[in-house]
There are 2 protein chains.
Amino acid sequence: MEEQEIKRRIIEGMKEKGLKLTRQRLEIIDIIAGEKSHPSASAILAKARNRAPMISLSTVYYTLDIMKKAGLIKELEFNDRDSRYEGDVSDHLNLVCTGCGKIEDFRAPRPVPSEKVEKKTGFRVDSARFEYYGLCRECRLGGG
Amino acid sequence: MEEQEIKRRIIEGMKEKGLKLTRQRLEIIDIIAGEKSHPSASAILAKARNRAPMISLSTVYYTLDIMKKAGLIKELEFNDRDSRYEGDVSDHLNLVCTGCGKIEDFRAPRPVPSEKVEKKTGFRVDSARFEYYGLCRECRLGGG
DNA sequence: GCTATAATTAGGAATCATTCCGAATAAAAC
DNA sequence: GTTTTATTCGGAATGATTCCTAATTATAGC
């Protein structure tokens with residue numbers, strides 16, 4: 001998905017839900033849409049402060065939270081490291097490097113259609129998460 | 001995967017790695033293999049204490065950690081709730097109910113073969129995680 | 001079976017990402 | 001411009017997980 005497209009989609013989504021578009025939120029949206037690195041909350045804070053000095057970590061968390069609840073971004077949770085956020089909410093595989101923490105995208109379909117799951121189990125699917133864990137090319141060649 | 005098979009596989013794995021099989025560890029293995037509910041660390045502690053009163057939370061965490069590192073169990077991490085653990089390390093989909101927290105299994109293949117990912121990106125896949133989030137039958141019918 | 005030893009355990013303290021709180025601020029509607 | 005109500009700030013609180021140290025125990029070798 002293209003940066004501009006992600007940005008536009010999030011902003012439209014915010015308006016639709018009646019959420020205010022503050023200076024801080026526009027910064028955060030810009031960062032999430034532009035970064036391919038799936039940044040953490042504190043990485044987003046650091047980037048935002050480079051441009052608009054006054055923004056707090058609470059605000060970053062609050063904003064990420066409402067965007068997540070509105071289905072406009074996706075949170076990837078780990079417990080040995082910070083959560084990471086991405087603006088591309090379409091189905092894809094995340095390749096999570098256990099060496100350096102980098103997260104790459106890999107286009108792939110859902111393993112099973114949601115309808116099939118719902119029909120067989122009664123479970124209604126809202127969202128999905130697909131991850132492969134391993135070592136990225138650099139860590140494999142560099143570290144061993 | 002069958003309860004007895006999971007249990008045997010974990011115990012064999014522990015022996016192979018030279019890890020001691022203590023009373024506490026055997027309890028934990030028994031619980032993980034027997035529970036389909038993907039219990040949390042404290043749920044495991046509670047169950048274990050019903051049978052062998054003296055076992056600490058630190059031990060549960062320590063044991064889960066070494067079993068995880070040995071690839072004998074899988075940890076599912078969330079940050080709004082406790083991590084959950086499962087003894088079935090084969091590929092499958094986890095259906096995570098955002099209503100009641102229940103986690104069901106659903107048999108499904110990997111969306112992409114690891115070899116294809118490695119060939120295209122240089123990323124070497126070690127393990128995987130596939131989750132659908134939504135509402136289980138009971139929460140859907142009960143709560144709305 | 002007994003002993004030595006190195007891993008494991010207990011439990012309490014420490015950590016740290018995230019959430020919560022109340023007062024001050026500012027976006028959006030009129 | 002004024003009003004209303006969500007949003008922001010920053011510091012305190014939370015809570016799952018990790019860390020620490022002394023005591024314990026599974027395992028290997030006798």
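Two residues count as in contact when heavy atoms of theirs lie within 4.5 Å. In this predicted model, take V117(B) as a starting point. Setting aside neighbours within four places in sequence, V117(B) touches L93(A), L95(A), F106(A) and Y132(A) from chain A, along with V112(B), G122(B), F123(B) and V125(B) from chain B.

V117(B) also turns up in the largest nonpolar core, which has 28 residues. The members touching the most other members are L93, V117 and Y132 of chain A, and L93, V117 and Y132 of chain B. As for the elements behind this core, two or more residues come from each of β3 (93-97) and β5 (124-135) in chain A, and likewise from β3 (93-97) and β5 (124-135) in chain B.

How do the two chains sit relative to one another? A turn of 180 degrees, with a shift of 0.0 Å along the axis, lays chain B on chain A with an RMSD of 0.1 Å. The two copies are therefore related as by a two-fold rotation axis. On top of that, 100% of the interface residues of chain B are interface residues in chain A too, so the copies meet through the same surface.

Now for chain A by itself. The domain assignment splits out domain 1 (3-86) and domain 2 (93-142), and their centres, taken over C-alpha atoms, are 21 Å apart. Contacts between them link 9 residues of domain 1 with 9 residues of domain 2. About 750 Å² is buried between these domains of chain A, with carbon and sulfur atoms giving 47% of that area. On the domain 1 side, H38(A), L76(A) and F78(A) supply 49% of the area buried against domain 2, more than any other three residues. Salt bridges across this domain interface of chain A number 0.

Notes
Residues numbered from 1 in each chain as written. Chains lettered and ligands numbered in written order. Predicted model: local features only at pLDDT ≥ 70, side-chain atom pairs only at ≥ 80, totals over all residues. Heavy atoms only, no water. Core = buried A, V, L, I, M, F, W, Y, C linked by side-chain atoms within 4.5 Å. Buried < 20%, exposed > 50% of the residue type's maximum accessible area, 1.4 Å probe, protein only. Helix = DSSP H or I, 4+ residues; strand = E, 2+ residues; numbered from the N terminus. Least-squares fit on C-alpha atoms with pLDDT ≥ 70 in both. Domains from an automatic or database assignment. Buried area = accessible area lost by both parts, 1.4 Å probe. Salt bridge = Lys/Arg side-chain N within 4 Å of Asp/Glu carboxyl O.
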